Amino acid sequence: MLKELAAFFREGGPFMYLNLVFMTFALATITERVLMLMFRLNLDSRAFMAQIQKLIMSNNVDRAIKLCASAPNAALSHVIRAGLTRANRGQREISRALEESVLEVTPRISKRVATLWSIANIATLVGLIGTITGLIATFKALGAASAEMKQIMLSRGISEAMNNTAFGLMIAVMCIVAHMILHNKSKAIVDEIEFHALRLESMLTQRGAGEVNPLDRA
């Protein structure tokens, strides 16, 4: 397997190694984003908000803030904590704190996801350049080659061209699929944060009257 892979790159020429750099960068980006979106920035929002609601309705905001501090890396807990720290400053201050916090965490959630789309385009173009240069070099050499060498050189040239095309497209497909998954995940997290930020604002403005949060019925 390793010998076949080495032969694949050797036959493809220098642009294969350039695309290998882009593939390595893409894999590093995908790995980092998966770890951040699936684990570090994420948490069980339903269970978390259920606990927050119980603490708010029992007028125990301090414990709710401590609960947020127990998950410092999660984007939702960061936003909720920002609203809770303004709980006694009126609806306008609560709303402003929540909006600012959402704007703060959103770039952290969507960071580097768009880069994958750019890498997909670049890898395709690099593969195409490798294909064209391989064919150009082959046809130039064929003019000066002997009859028995022409078949060998043509076979090598086609291998170089096709290897570059295939590798570039493989990288592009990987990046596009990863971009689709990560973009949808990051959008879902942002939407979830915005929804729960509205819930929190409603709960904090109603807690003094002891009303049930109407958004809980949603």
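The questions and answers below deal with a predicted model and with the reasons behind some of the terms applied to it.

Q: What makes the length of helix H6 agree with its number of residues?
A: Helix H6 covers residues 91–110, and at 1.5 Å a residue its 20 residues should span 28 Å. The C-alpha atoms at its ends are 29 Å apart, which agrees with that expectation.

Q: Which residues of H6 are buried, and what is found just after the helix?
A: The buried residues are Ile94, Ser95, Ala97, Leu98, Ser101, Val102, Val105 and Ile109, buried being the term for a relative accessible area under 20%. Just after H6, Arg112 takes a positive phi of about 70 degrees.

Q: Why is the contact between Glu93 and Arg96 called a salt bridge?
A: The closest N and O atoms of Glu93 and Arg96 are 3.6 Å apart, and the definition asks for a side-chain nitrogen of Lys or Arg within 4 Å of a carboxyl oxygen of Asp or Glu, so the pair qualifies. The two residues are three apart in helix H6 and are therefore separated by about one helical turn. An α-helix has 3.6 residues a turn, so residues three or four places apart point the same way.

Q: Why do Glu93 and Arg96 count as partly exposed?
A: Partly exposed is the class between under 20% and over 50% relative accessible area; Glu93 has 27% and so belongs there, as does Arg96 with 42%.

Q: Why is Arg33 called buried or exposed, and how is Glu32 classed?
A: Arg33 has 0% relative accessibility and therefore counts as buried, whereas Glu32, with a relative accessible area of 24%, is partly exposed. Their side chains meet in a salt bridge of 2.8 Å, N to O.

Q: Where do Asp191 and Lys187 lie, and what joins them?
A: Both lie in helix H8, four residues apart, which is about one turn of the helix. They form a salt bridge whose closest N and O atoms are 3.1 Å apart. Elsewhere, salt bridges that share partners join Glu32, Arg33 and Arg112 into one network.

Q: Which residues form the nonpolar patch on the surface, and which elements give two or more residues to the patch?
A: The patch is formed by Leu35, Met38, Phe39, Val173, Val177, Met180 and Ile181, with about 660 Å² of accessible area together. Helix H2 (14–40) and helix H8 (147–206) are the elements that each give two or more residues, and the largest share, four residues, comes from H8.

Q: Why does Met38 count as partly exposed?
A: Met38, which lies in helix H2, has 33% relative accessibility and so counts as partly exposed.

Technical notes
Residues numbered from 1 in each chain as written. Predicted model: local features only at pLDDT ≥ 70, side-chain atom pairs only at ≥ 80, totals over all residues. Heavy atoms only, no water. Expected span 1.5 Å × (residues − 1). Buried < 20%, exposed > 50% of the residue type's maximum accessible area, 1.4 Å probe, protein only. Patch = residues over 30% accessible without salt bridge, like charges linked within 9 Å, V, L, I, M, F, W, Y side chains within 5 Å. Areas by Shrake-Rupley, 256 points an atom, 1.4 Å probe, with all protein chains shown as cover.
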